[in-house]
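Me: Please take a close look at one part of this structure, starting from a single loop residue and working outward to whatever surrounds that loop. I would like one connected account, with the cut-offs spelled out.

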Amino acid sequence: MEKRRQPHKRIVFVCTNQRAPGERVCCADRGGAELRDRLKAMVKERGLRGRIRVSQSGCLDRCEDGPNIMVFPDNVWYAGVRPDDLDAILDDAIASLRAEGALPRGYDDVPRSTGTEAPA
Ligand code: FES
């Protein structure tokens, strides 16, 4: 075994746990996998691969509050996440990276679409 420092500045764990029908509620039934996929795409779009790792997780034991997302090592937990919340979650992670000077040199966050721009 080799003991190393973690290679990613942030790891965003998205619960995608799936349960059988009739069992306790689960994040998969509330869109966990879709949130994971969208967040992965957003990290790529915003040029933060290698800094922020989006990873699916198993059950985080707060199923009734899901879908749940946890950001490590920021010690931040998001419950009841909806797709519209992902920009804010990523903004928080970027702000945290910026505060510790961990963004790539010259990084200037890619402006997000507001959905209100006129078509080209
Ligand atoms: S299924 Fe997501 S916290 Fe349990």
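Reply: Asp61 lies in the loop between E2 and E3, where strands (E, at least two residues) and helices (H or I, at least four) are DSSP runs numbered from the N terminus. This is a predicted model, in which local features need pLDDT of at least 70 and side-chain atom pairs count only at pLDDT 80 or more, while totals for chains, interfaces and linings use all residues. Residues are numbered from 1 along each chain as its sequence is written.

Asp61 has a positive phi of about 65 degrees although it is not a glycine, and it counts as exposed because 9 C-beta neighbours lie inside 10 Å. For this purpose C-beta atoms are placed from the backbone, and a residue is called buried if 20 or more other C-beta atoms lie within 10 Å of its own, exposed if 12 or fewer, and partly exposed in between. The loop between E2 and E3 also holds Pro67, and the peptide bond leading from Gly66 into Pro67 is cis, with omega near 0 degrees.

The loop between E3 and E4 can be read in a similar way. Pro73 is found there, and the peptide bond from Phe72 to Pro73 is cis, again with omega near 0 degrees. Asn75 belongs to the loop between E3 and E4 as well; in this hairpin, which has three residues between the strands, Asn75 takes a positive phi near 60 degrees. Asn75 is exposed, because 7 other C-beta atoms lie within 10 Å.

These loops connect strands of one sheet. The sheet is open, has four strands in the order E2-E1-E3-E4, and its pairing is mixed, two strands being paired if DSSP finds at least two bridges between them. E2 and strand E4 (76-78) are the edge strands, each pairing on one side only, and the twist averages 20 degrees from one strand to the next.

Strands of a sheet pair through backbone hydrogen bonds, either parallel or antiparallel. In this sheet E1 and E2 run parallel and are joined by six bridges, whereas E1 and E3 pair in the antiparallel sense over four bridges, and E3 and E4 pair in the antiparallel sense over three bridges. Within E3 and E4, Ile69 has Tyr78 as its bridge partner. Val14 stands opposite Gln56 in E2, while Val12 has Val71 as its bridge partner in E3 and stands opposite Val54 in E2. From E1 the chain crosses through H1 to E2, and this β-α-β crossover is right-handed; that is, with the strands pointing away from the viewer, the path from the first strand over the helix to the second runs clockwise.

H2 lies across E1, E2, strand E3 (69-72) and E4, running at about 160 degrees to E1; such angles run from 0 to 180 degrees between N-to-C directions, with axes taken as lines fitted to C-alpha atoms, for helices over the stretch in contact. Ile52 is in contact with Ala93, and also with His8, Lys9, Arg10, Val12 and Val43, if neighbours within four places in sequence are left aside; contact here means that two C-beta atoms, placed from the backbone, lie within 7 Å.

Ile52 also belongs to the largest nonpolar core, a set of 16 residues in which Val12, Val14, Leu39, Ile52 and Val54 have the most contacts. Two or more residues of this core come from each of strand E1 (10-15), helix H1 (32-45), strand E2 (52-57) and helix H2 (86-99). A nonpolar core is defined as a set of buried Ala, Val, Leu, Ile, Met, Phe, Trp, Tyr and Cys residues joined through C-beta atoms within 7 Å.

Glu45, by contrast, is found in helix H1 and is exposed, because 12 other C-beta atoms lie within 10 Å. Glu45 and Met70 are 25 residues apart in sequence and 21 Å apart in space, C-alpha to C-alpha.

For the wider setting, the elements of the protein chain run β-α-β-β-β-α from the N terminus on, and buried residues make up 20% of its 120 residues.
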